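Reader: I have a model open at the bench and would like to talk through its inner space and its rings. Could you walk me through it?

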Amino acid sequence: MKKLMTVIGAVGLAFTATAGVDDALLSFSTVGPDKYADGTDVLPGECYALVWSADGQFDGIKADGTTVDPADKVVLVAPVAKQGANGTCCPAILYQVDKAFAESHASGQYAVYILDTRVKAADGTVAVGGVDENGALKVVNGYDAVSVGTTASAATESVSITTVATTAAGGASVATLAEVDAPVITAIKPNGTKITISASGLSPVATYKVVTGTQLDKVSTEINATADEKGDFTFDKPENGMFFKVIGVRNFDKK
């Protein structure tokens with residue numbers, strides 16, 4: 001598996017066991033300024049994630065918030081970015097890791113990741129997508145590690161965590177773009193002078209358009225069509241259009 005973890009942030013890490021409930025605690029912060037891949041400052045409320053991998057090679061997060069490697073885990077997500085002395089950063093926070101999880105995943109490795117969960121509204125307004133009511137990530141444009149090399153081991157009566165944290169000067173930065181599945185046309189329905197194309201696999205990290213052409217290898221003329229909430233594009237039947245494609249362009253890319 002390709003190793004994606006790169007030390008790029010100023011990070012403090014410390015694990016202890018809680019008194020009474022024996023859950024593992026992780027203290028974490030960044031110095032800032034934390035940046036998105038396009039070079040802009042991370043928005044207040046942006047997310048940081050505690051992740052776990054069995055082999056120490058966390059393979060990343062897809063655009064839908066799931067892990068590239070199903071064996072990897074996103075343990076916790078904290079939407080806590082705020083303005084600090086050096087710019088937007090992750091303030092000192094405390095992650096709580098359930099004892100049962102820590103014990104059952106004692107042989108793996110933890111890392112903290114900065115995420116880009118920005119979404120763009122139809123009017124161009126940009127906001128943090130963050131997590132839903134169940135704490136699951138709604139959308140991920142990109143990510144990267146701000147700490148690596150944290151190993152965990154479980155004791156009999158309480159959770160004992162040993163830390164091998166590596167830090168670097170400067171702020172954290174999103175450097176890796178999330179994997180986005182290509183959209184798939186599932187139906188083309190003529191209706192008089194209109195055509196409706198249905199597509200699956202549309203992601204909120206991208207804006208999609210329909211292109212047409214008279215030859216399969218020359219489908220490039222854009223059509224005035226916007227997907228509805230079902231993923232259907234309805235448009236006037238083009239005079240010179242025999243073949244169609246749905247193409248996505250990332251809303252937030254690298255600078």
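Reader: How do the residues of the lining of the largest cavity divide into nonpolar, polar and charged?

Author: This is a predicted model, where local features need pLDDT of at least 70, side-chain atom pairs count only at pLDDT 80 or more, and totals for chains, interfaces and linings use all residues. Residues are numbered from 1 along each chain as its sequence is written, and side-chain values use heavy atoms, with hydrogens and water left out. Ala, Val, Leu, Ile, Met, Phe, Trp, Tyr, Cys and Pro count as nonpolar, Asp, Glu, Lys and Arg as charged, and the others, Gly among them, as polar. The lining of the largest cavity divides into 4 nonpolar, 2 polar and 5 charged.

Reader: Which aromatic cluster do Phe58, Tyr113 and Tyr143 belong to, and how is the pair of phenylalanine 58 and tyrosine 113 arranged?

Author: Rings of Phe, Tyr and Trp (its six-membered ring) pair if their centres lie within 6.5 Å; planes under 30 degrees apart count as stacked, over 60 as edge-to-face and the rest as tilted. Phe58, Tyr113 and Tyr143 form one aromatic cluster. In it, phenylalanine 58 and tyrosine 113 sit 5.1 Å centre to centre with 65° between the planes, which is edge-to-face.

Reader: Why is the pair of tyrosine 113 and tyrosine 143 called stacked, tilted or edge-to-face?

Author: The ring centres of tyrosine 113 and tyrosine 143 are 6.1 Å apart. Their planes stand at 40°, so the pair is tilted.
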